[in-house]
Amino acid sequence: MQVWKDYQAKNKDRFLDELLALLRIPSVSADSGYSKDVKACAEAVKQRLLEAGADKVEVCPTAGHPIVYGEKIIDKALPTVLVYGHYDVQPADPLELWDSGPFEPVIKDDKIYARGSADDKGQFYMHVKAFETMTQTNTLPCNIKFMIEGEEEVGSANLGIFIKENKERLKADVVLISDTSMLSLENPSLDTGLRGLSYMEVEVTGPNRDLHSGVYGGAVANPATILCQMIASMHDENNHVTIPGFYDKVQDLSKEERAALNAAPFDEAEYKADLGVDELWGEKGYTPIERTGIRPTLEVNGIWGGYTGEGSKTVLPSKASAKISMRLVPNQDWIEISELFKAHFEKIAPKSVKIKVTTHHGGSPYVTPIDHIAFKAASEAIKATFGKSPIPMRGGGSIPIVALFEKELGLKTILMGFGLDSDNLHSPNEKYGLANFYKGIETIPYFHKYFAELSK
Ligand code: BES
Ligand code: MN
Ligand code: MN
């Protein structure tokens, strides 16, 4: 639509400046040292929503970080889209690996470098600017509600409570999220699902204190060695996860469905070169696309124990620990998987050590129904601005709250992400392409237009 194009061309630089201002706020949800910044970021999001044309915007306090809720209801008879996003970001460390400050955004090679640029400030902000485009050109075709939270990166526990307590206020026809990736701007894709997650922490304790490794080593079990053995035993020679019952509920895809998934372009040589690895790894019998989309996995996210400082210290540590997560697929239940993990970890522990297993958080997997009118609207919107229909893909990451949107609000979710897997999410030098940012702002109004038309 020409009016949208004209409006966006005129306001392009301001859209970017506003995003850069948001990126300068270090809204790290995991670190309580940043609580004030998280709150300041929520207030900034509220202001931007009001300026963009929302009628009512509220910063809703929770037991943790606040949720920003805003809406514009033009006509109760029209459909309502609930836009979800998150203004919190992952911690920036290790800082020394960044080429520029994580909260001092710079534009280099047409990309915005900053923590949160792709995940998710740059992406949810496209919705704010798309909304502004529609309100300022008097073309908003439906009602819009915004729910932008501050705890996605730490598990969304308080958003779960908020949803249960605000069912009336959150009434809508569909949820729209831009917090995932597409294949590339040349090969746009639409995620049709997300994996679930179960996040655990284990602690292995040996002797009641750190010991001299020469005086005691050899006679007392070393918890670091035991932990490594236990972790290593959790994959077999085919890289299957060995926890009994782990695969029991995993939904197998038909031959046709697998063929369709694998039809997406994937260049293994390029993938390896980008990551600096000589060989890929994974569950036998599945392709990389399947291993990261439709198969469950188990990963060590961090492991520590004993002396890790400068130089050397001869010590047999008293404790060793690890943070272990499992990505889940339909129809695995994250609570059940967490229990299976715990029981297995306790069972395989030798008597020479004591074990503590705790669950951090989790979430269920999600699959988007591709026959839903909102999926069709997203497909058509992408076709309108990219000139190509999107390739359906399964996303490997997790947004645990999506399953709750369905369970608590009865709403389906459309995952219309504009990032790239190579945007360094959760890594140093996170980036988001300017072209991705502007393409998103251009595409989103079409989603609302087509969704309103298809809802008639
Ligand atoms: N935006 C990501 C999820 C994502 C990224 C999905 C790329 C698909 C493709 C989200 O912010 C995230 O990082 N989620 C966490 C889970 C959360 C409970 C910490 C994840 O996937 O590890
Ligand atoms: Mn995200
Ligand atoms: Mn994230």
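**Close-up 1. The site of the manganese ion (ligand 3) is irregular in this predicted model.** Six donor atoms surround this ion, and the angles among them run from 55 to 155°. For comparison, ideal angles for six octahedral donors are 90 or 180 degrees. On the protein side, the donors are Asp 119 through OD, Glu 153 through OE, listed twice, and His 426 through NE2. These protein donors lie 2.1 to 2.5 Å from the manganese ion (ligand 3).

**Close-up 2. Asp 119 coordinates two manganese ions, ligand 3 and ligand 2.** The two metals are 3.6 Å apart. Look at where the protein ligands come from: Asp 119 is in the loop between strand 5 (111-113) and helix 3 (121-136), while His 426 is in the loop between strand 20 (419-420) and strand 21 (431-433), so this pair ties together parts that are 307 residues apart in sequence. Written out as a spacing pattern, the donor residues of the manganese ion (ligand 3) read D-x33-E-x272-H.

**Close-up 3. How buried or exposed are Asp 119 and His 426?** Asp 119 is buried, with a relative accessible area of 7%. His 426 comes out as partly exposed, at 41% relative accessibility.

**Close-up 4. Four strands make an open sheet with antiparallel pairing.** Reading across, the strand order is 13-15-11-16. Strand 13 (297-305) and strand 16 (354-363) sit at the edges, each pairing on one side only. From one strand to the next, the twist averages 15°.

**Close-up 5. Strand 13 and strand 15 run antiparallel.** Eight bridges join strand 13 to strand 15, which covers residues 319-328. To get your bearings here, find Gly 305, which stands opposite Ala 320 in strand 15.

**Close-up 6. Helix 5 and helix 9 each lie across strands 11, 13, 15 and 16.** Helix 5 (residues 223-232) runs at about 15° to strand 15. Helix 9 (residues 334-348) runs at about 165° to strand 16. Strand 11, which both helices lie across, spans 196-205.

**Close-up 7. Cys 142 and Cys 228, one buried and one partly exposed.** Cys 142 is buried, at 0% relative accessibility. Cys 228, at 43%, counts as partly exposed. How many disulfides are there? With a cut-off of 2.5 Å between cysteine sulfur atoms, the count comes to zero.

Terms used:
Residues are numbered from 1 along each chain as its sequence is written. Chains are lettered from A and ligands numbered from 1 in the order in which they are written. This is a predicted model: local features need pLDDT of at least 70, side-chain atom pairs count only at pLDDT 80 or more; totals for chains, interfaces and linings use all residues. Side-chain values use heavy atoms; hydrogens and water are left out. Two strands pair if DSSP finds at least two bridges between them. Helices (H or I, at least four residues) and strands (E, at least two) are DSSP runs, numbered from the N terminus. Axes are lines fitted to C-alpha atoms, for helices over the stretch in contact, and angles run from 0 to 180 degrees between N-to-C directions. Contact means heavy atoms within 4.5 Å. Donors are N, O and S atoms within 2.8 Å of the metal (3.2 Å for Na, K and Ca); water is not among the atoms, so sites may look incomplete. Four donors count as tetrahedral if all angles lie between 85 and 135 degrees; four count as square planar and six as octahedral if opposite donors are over 155 degrees apart and all others between 65 and 115; anything else is irregular. Buried means under 20% relative accessible area, exposed over 50%, partly exposed in between (1.4 Å probe, protein chains only).
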